[in-house]
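Here are a few exercises to work through with the model open in your viewer. Try each one yourself before reading the solution.

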Amino acid sequence: YRIYCRDMKKKKLDTDLYCLTAEEYSLGRSNIEVVKAMLSAGIRIIQYREKEKKMLHKYRECVKIRELTYDAGAVFIVNDDVDLAIMVGADGVHIGQDDLPADKVRELVGEEMIIGVSTHSPQQAQDAIARGADYIGVGPIFATKTKKDVCDPVGFEYLDYAVKHVAIPFVAIGGIKEHNISEIKARGAGLIAMVTEIVGAEDIEKKIESIRQKLKG
Ligand code: TZP
Ligand code: MG
């Protein structure tokens, strides 16, 4: 993995869309195919998120996705598995409220790896920031079926809080679709994550283009 990390400096999150994998919603396409389409549409951040797969399977997929994202100059983040993130030379790891705390993960991954933390309230946001998170997830904004260990939607209240009071990058997530993305953008979210809207699109590249048009307009 070290070939990806030798001169690794912490990657920036300066983009608009954050994409995640979810093979079960990908209309029969593999994660690899889906990631290729995302990258060819210009996506700059991809998170590998597969809750049900065995580690060996996840490892093999992540090795390929690391290669693809590296060649495209895109940021690659692995959900949940700190060991897997280190092993494949990912740019970051994303953890939830039931995972190791961010400050403990930092001890494992070092300073240059991005740590993202899913948060659902201002208190969780402040805790993640205090523990050295590089960015936080803010959501679910709307109801979503994609996350099975769901908490209820946090709605706009927490998003508005994040826009005003969160001093590190944050990613709005949960039930965001092409039809409601302008609303999220208008409230001040810079970085927006979508799972099913993108992996479940017939034509992923066209979908991303059309979402980008909405973000511009
Ligand atoms: N974290 C909060 S909601 C969510 C995650 C991973 C799933 C979002 O999926 P979708 O399909 O974009 O609603
Ligand atoms: Mg987790």
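**Exercise 1.** Which residue follows α5, and what is the sign of its phi?

Solution. Keep in mind that this is a predicted model. Step off the end of α5 and you land on Gly 110. Its phi is positive, near 85°.

**Exercise 2.** Work out which face of α5 is buried and what that face packs against.

Solution. Start by listing the buried residues of α5: Ala 102, Val 105, Arg 106 and Val 109. Now look down the helix axis: these residues fall within an arc of 110°, so they line one face of α5. An α-helix has 3.6 residues a turn, so residues three or four places apart point the same way. Next, check the other side of α5, where Glu 107 and Leu 108 are exposed. Finally, trace the contacts: the buried residues of α5 pack against α4, β4 and β5.

**Exercise 3.** Describe how the strands are arranged, then zoom in on β4 and β5.

Solution. Follow the order β1-β2-β3-β4-β5-β6-β7-β8: these eight strands close into a barrel, with parallel pairing. Between β4 and β5, which run parallel, there are four bridges. Within this pair, Ile 95 sits opposite Val 117 of β5. Then add a helix: α6 (residues 122-130) lies across β5 and β6, at about 165° to β5.

**Exercise 4.** Find the residues that coordinate the magnesium ion, and place them in the chain.

Solution. The magnesium ion (ligand 2) is held by Asp 80 (OD) and Asp 99 (OD), at 1.7 to 2.2 Å. Asp 80 belongs to the loop between β3 and α4, and Asp 99 to the loop between β4 and α5, 19 residues apart. For burial, Asp 80 has 24% relative accessibility, so it counts as partly exposed. Asp 99, at 27%, is partly exposed too.

Methods
Residues numbered from 1 in each chain as written. Chains lettered and ligands numbered in written order. Predicted model: local features only at pLDDT ≥ 70, side-chain atom pairs only at ≥ 80, totals over all residues. Heavy atoms only, no water. Donors = N, O, S within 2.8 Å, 3.2 Å for Na, K, Ca; no water. Helix = DSSP H or I, 4+ residues; strand = E, 2+ residues; numbered from the N terminus. Buried < 20%, exposed > 50% of the residue type's maximum accessible area, 1.4 Å probe, protein only. Arc of directions from axis to C-beta. Contact = heavy atoms within 4.5 Å. Pairing = 2+ DSSP bridges. Axes fitted to C-alpha atoms, helices over the stretch in contact; angles between N-to-C directions.
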